[in-house]
Amino acid sequence: MATILVIDDETRHCKSLRKFLAHAGHEVHVAGSAERGLELAEEVLPEVVLLDIRLPRMDGLTAIGRLREHAPEAPIIIMTAFGTLDTAAAAVEKGVFDYLVKPFSLEELKTVLNRAIDTSRIADLPPEPTVNEDCPNVVIGKSPLMQRIFNRVALVAASHVPVLLTGESGTGKEVLARAIHRYSPRRDKQFLPVFLAALSPSLIESELFGHNRGAYTGAESDRVGLLEQAGEGTVLLDELGDIPLSLQVKLLRAIEEREVTRVGEHQPRRMRARFIAATNKSLPDLIAQGRFREDLYYRLSVYHIEVPPLRERTEDIPILAEHFLRQTVNGKPGSVLLPSTIEEMLSRPWYGNIRELRNAVEHAAIASRGAPIAVDHLPQPVLPTSEEETESDWATKVNRWLDDQIASINPLVDRNQLHEMLLGEIEPILFRRTLHHCRNNHSAAARVLGIDPKTLRTRLATKLTQRPVS
Ligand SMILES: Nc1ncnc2c1ncn2[C@@H]1O[C@H](COP(=O)(O)OP(=O)(O)OP(=O)(O)O)[C@@H](O)[C@H]1O
């Protein structure tokens with residue numbers, strides 16, 4: 001049993017909290033404003049404070065500092081219906097114990113409350129970061145799903161634990177990784193994203209862990225690996241699913257022991273960076289295929305944030321679109337989204353997620369030339385990428401095609417035309433799809449393809465085979 005102070009201006013909410021808490025045996029005091037809450041805090045010395053962020057006159061965040069004067073040890077649990085990531089992080093940084101997003105279940109409240117009663121408050125957190133609403137790093141989301149993610153990001157930012165971010169491509173994993181860094185005590189150190197898929201497989205070990213001069217042919221001088229270079233900052237291992245199996249033990253060691261061993265060295269070196277990993281692949285599937293180590297997965301998934309696809313949080317579409325529009329047009333007055341355009345946006349599946357939405361808004365802003373943005377200004381939706389349509393399937397298809405060709409071609413005439421024949425299979429598919437996306441505008445399609453419009457016309461006119469690789 002504890003003395004609990006509830007500060008919330010919603011009478012109905014207060015009533016049900018009072019009932020629930022009193023029923024659980026606590027002594028409950030309720031205030032409808034921050035000002036009244038401060039008076040009560042002085043009188044009753046609460047052990048836990050449940051505080052709404054949005055209050056008339058003095059808001060919850062401002063009240064936190066004042067509450068500390070009256071009840072310095074009382075864990076404060078924030079309750080809010082809608083907050084930005086800034087609010088969540090600022091609340092956590094001000095030392096609030098936890099953050100409940102309304103509507104929350106009484107079960108959730110009970111769990112958090114019991115922890116709060118058992119634990120002393122978080123102290124000595126770094127000062128509140130200043131984030132400009134217009135800055136490109138701003139993380140947008142008002143849907144309940146994103147609000148929960150803000151809560152989790154804010155809570156984990158203050159710690160040093162590794163974080164695993166998963167979700168479809170374009171859902172904002174990198175944006176969230178940057179936010180975790182920005183709100184962490186490491187914010188003044190560097191944020192180092194490492195795109196594992198872009199590193200050459202033969203050099204990836206020395207890129208990540210470094211090497212000594214002479215460690216292998218071509219290693220002409222010592223090299224500090226990326227994990228060491230990150231110093232006390234944050235390393236984002238992007239496309240984690242692409243890290244070769246052979247290096248996964250070494251990575252696990254780096255995370256667990258906080259040590260890296262350069263190629264050609266035996267003595268490990270200390271590493272201090274924080275790890276965040278991101279992937280759009282299913283790690284459990286990769287584990288089942290023997291391509292990812294289970295122990296590394298379990299180590300990284302201690303704090304796992306699954307970023308939902310945009311189609312599961314459509315409430316965020318209008319505010320994201322408005323945000324991208326403001327960024328794109330630099331305040332051109334005519335550039336607004338017509339209600340029918342927003343309707344269309346809400347109905348699209350956005351397989352390319354927020355990245356696709358951003359590109360669509362930028363495209364539409366150019367196409368509308370400052371006029372209100374209509375549905376016609378939007379580009380065609382991106383088609384879903386099939387799970388199976390991976391690089392290895394491409395390779396399988398091309399290999400099969402090649403084997404067939406080699407088995408059937410006339411060696412004297414056709415063998416030196418293989419390259420042209422393969423292009424003949426692929427180019428029509430590439431051209432047709434690009435033209436489809438560019439609404440049959442040849443100049444635009446040529447620009448997207450990066451080829452001369454004349455070349456596109458000639459290639460289209462040439463008798464290229466229309467049969468796809470199969
Ligand atoms: N919540 C958000 N608020 C504002 N912009 C966002 C948000 N989430 C994503 N974006 C924007 O969407 C684009 C894609 O985001 P990001 O690169 O973080 O996605 P990702 O999940 O890491 O993609 P991938 O898996 O392909 O690397 C970026 O331009 C980013 O700025």
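Author: Happy to chat about this one! A nonpolar core here is a set of buried Ala, Val, Leu, Ile, Met, Phe, Trp, Tyr and Cys residues joined through C-beta atoms within 7 Å. Keep in mind that this is a predicted model.

Reader: Great, so how many residues does the largest nonpolar core have?

Author: That core has 84 residues. Val-49, Ile-76, Ile-77, Val-153, Ala-154, Ile-180 and Leu-227 have the most contacts inside it.

Reader: And which element gives the most to this core?

Author: Helix H6 does, with seven residues.

Reader: Where does the core lie relative to the domains?

Author: It lies between domain 1 (3-118) and domain 2 (159-306), because both give residues to it.

Reader: Is there a second core, and what does it include?

Author: A second, separate core has 16 residues, including Ile-317, Met-345, Ala-365 and Ile-373.

Reader: Back to H6, how far does that helix reach?

Author: H6 covers residues 144-157 and reaches 20 Å from its first C-alpha to its last, close to the 20 Å expected. Its buried residues include Phe-150, Val-153 and Ala-154.

Reader: What is Ile-77 in contact with?

Author: Leaving aside neighbours within four places in sequence, Ile-77 is in contact with several residues, among them Val-48, Leu-50, Phe-97 and Val-112.

Reader: Switching to the ligand, which residues come nearest?

Author: Of the 17 residues around the ligand, those are Ile-140, Ser-169, Gly-172, Lys-173 and Glu-174. Helices H7 (173-182) and H15 (353-368) each give two or more residues to the shell.

Reader: How do the shell residues divide?

Author: Six are nonpolar, seven polar and four charged. Domain 2 (159-306) and domain 3 (310-377) each supply at least three residues of the shell.

How values were computed:
Residues numbered from 1 in each chain as written. Predicted model: local features only at pLDDT ≥ 70, side-chain atom pairs only at ≥ 80, totals over all residues. Near = placed C-beta within 6 Å. Helix = DSSP H or I, 4+ residues; strand = E, 2+ residues; numbered from the N terminus. Nonpolar A, V, L, I, M, F, W, Y, C, P; charged D, E, K, R; others polar. Domains from an automatic or database assignment. Expected span 1.5 Å × (residues − 1). Buried ≥ 20, exposed ≤ 12 C-beta atoms within 10 Å, placed from the backbone. Contact = placed C-beta atoms within 7 Å.
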